[in-house]
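Take a moment to load the structure and turn it around a few times. We'll go through it piece by piece, starting from a single residue and working outwards.

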Amino acid sequence: MIKYFKPSIFILSTIPFLFITYKIFFNKLGPEPVKEITHFTGEWTLIFICLTLSMSPLQKFTNLNNWIKIRRMLGLFVFFYASLHLLTYVGIDYRFSWQPILDDVVKKKYIFVGFAAWILLIPLTITSSQKMMLLLKQNWKKLHRLIYVIAILGSLHFIWLSKTIYFKPLFYFVLITVLLSLRINFKRIFEK
Ligand code: HEM
């Protein structure tokens, strides 16, 4: 079963990329094509963050290990979509003019947190392999807890860039809060 499960999830995860590529090549992006690509890739980054965070609660509730087996792949898709998102902004929107990009990072808090989230994804991507897991031992788990910080920064980024918190930014904020709170060991806290 897992033989087909993993490749199926991989194929499903590439669909948003294929969809936006199709829209680019067939001129179906509407009146603001750059905005459309930025929004699309940004939202899919957030969706993949939520999917990655859902895997361990799903494993706990269903007692199935398959969820953990696809977590690493979903995490790599977070980096993939976040990099496409960043590349749209840096390459298409600003045509690699570094000074205005730097000004944006310093002056706009939503760009600052988005950028910080992308930077934090780099060590997670580099150390995602089984080999790195064995090499880093307990530190691997500690390092990969950065995904929680990334999720919070991603959610803040969405709230701060939107004119209003309703509806999508609030939806992702609540979803991420729930997914993170599922990790809190209340038993341990109350037993202390
Ligand atoms: C983990 C990292 C990131 C996540 C989760 C993320 C998520 C998002 C989301 C959800 C949106 C709005 C989508 C919508 O309106 O439907 C968005 C928009 C945007 N993001 Fe990000 N983002 C990330 C990193 C970045 C980075 C690194 C940059 C640039 C340095 C960036 C720049 C932007 C810009 C310019 C917009 C559009 C703002 C506008 O509407 O004018 N993001 N992002």
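**A walk through the helices**

Let's begin with Asn 66, which sits in helix 3. Keep in mind as you look that this is a predicted model. Asn 66 has 15 other C-beta atoms within 10 Å, so it comes out as partly exposed. If you skip the residues up to four places away in sequence, Asn 66 touches Ile 2 and Phe 5. Measure across to Met 55 too: Asn 66 and Met 55 are 11 residues apart in sequence, and their C-alpha atoms are 8.9 Å apart in space.

Now move along to Leu 74, also found in helix 3. Is Leu 74 buried or exposed? Count its surroundings: 21 other C-beta atoms lie within 10 Å, and 20 or more is the cut-off, so Leu 74 is buried. Leaving out neighbours within four places in sequence, Leu 74 is in contact with Phe 48, Leu 51, Thr 52 and Met 55. Take Phe 48 from that list: it is 26 residues away along the chain, yet the two C-alpha atoms are separated by 6.4 Å.

Time to zoom out. The protein chain has 10 helices and 0 strands, so if you read along the sequence you get the pattern α-α-α-α-α-α-α-α-α-α. The C-alpha trace spans about 55 × 40 × 35 Å along its principal axes. What about the radius of gyration? A compact globule of 192 residues would be near 16 Å, and the protein chain has 18 Å, which agrees. Of those 192 residues, 23% count as buried. Among contacts between residues at least 6 apart in sequence, 63% join residues at least 24 apart.

Next, how do the helices pack? Two packed helices are described by the angle between their axes and the distance between the axes. Try helix 3 and helix 5 for a start: they pack at an angle of about 140°, with their axes 10 Å apart, and their crossing is left-handed. On the helix 3 side you'll find Gly 75, Leu 76, Val 78, Phe 79, Ala 82 and Leu 86, which meet Trp 118, Leu 121, Leu 124 and Thr 125 in helix 5. Sort this contact by class and you get 8 nonpolar, 2 polar and no charged residues.

Then swing over to helix 2 and helix 8. Their axes come within 10 Å and cross at roughly 145°, and helix 2 passes helix 8 in a left-handed crossing. Thr 45, Leu 46, Ile 49, Thr 52 and Leu 53 in helix 2 meet Ile 147, Ile 150, Ala 151, Gly 154 and Phe 158 in helix 8. These residues divide into 7 nonpolar, 3 polar and no charged. You've already met Thr 52, by the way, as one of the contacts of Leu 74.

With those helices in view, have a look at the ligand. Which residues are closest to it? The ligand is surrounded by 21 residues, and the closest are His 39, Gly 42, Gly 114, Ala 117 and Gly 154. Gly 154 is also among the helix 8 residues that meet helix 2. Helix 2 (33-62), helix 3 (66-93), helix 5 (109-126) and helix 8 (146-161) each supply at least two residues of this shell. Helix 2 gives the most, with 7 residues. By class, the shell has 12 nonpolar, 8 polar and 1 charged residues.

Finally, check the loops for some backbone details. In the loop between helix 1 (2-25) and helix 2 lies Asn 27, which has a positive phi of about 55° although it is not a glycine. Asn 27 counts as exposed because it has 8 C-beta neighbours inside 10 Å. Arg 95, in the loop between helix 3 and helix 4 (98-107), is another residue other than glycine with a positive phi, here near 45°. With 9 other C-beta atoms within 10 Å, Arg 95 is exposed. Last stop: Phe 167, in the loop between helix 8 and helix 9 (168-181). Look at the peptide bond leading into it from Tyr 166, which is cis, with omega near -10°.

How values were computed. Residues numbered from 1 in each chain as written. Predicted model: local features only at pLDDT ≥ 70, side-chain atom pairs only at ≥ 80, totals over all residues. Near = placed C-beta within 6 Å. Helix = DSSP H or I, 4+ residues; strand = E, 2+ residues; numbered from the N terminus. Nonpolar A, V, L, I, M, F, W, Y, C, P; charged D, E, K, R; others polar. Buried ≥ 20, exposed ≤ 12 C-beta atoms within 10 Å, placed from the backbone. Contact = placed C-beta atoms within 7 Å. Axes fitted to C-alpha atoms, helices over the stretch in contact; angles between N-to-C directions. Left-handed = near helix turned anticlockwise from the far one by under 90°. Rg over C-alpha atoms; globule rule 2.2 N^0.38 Å.
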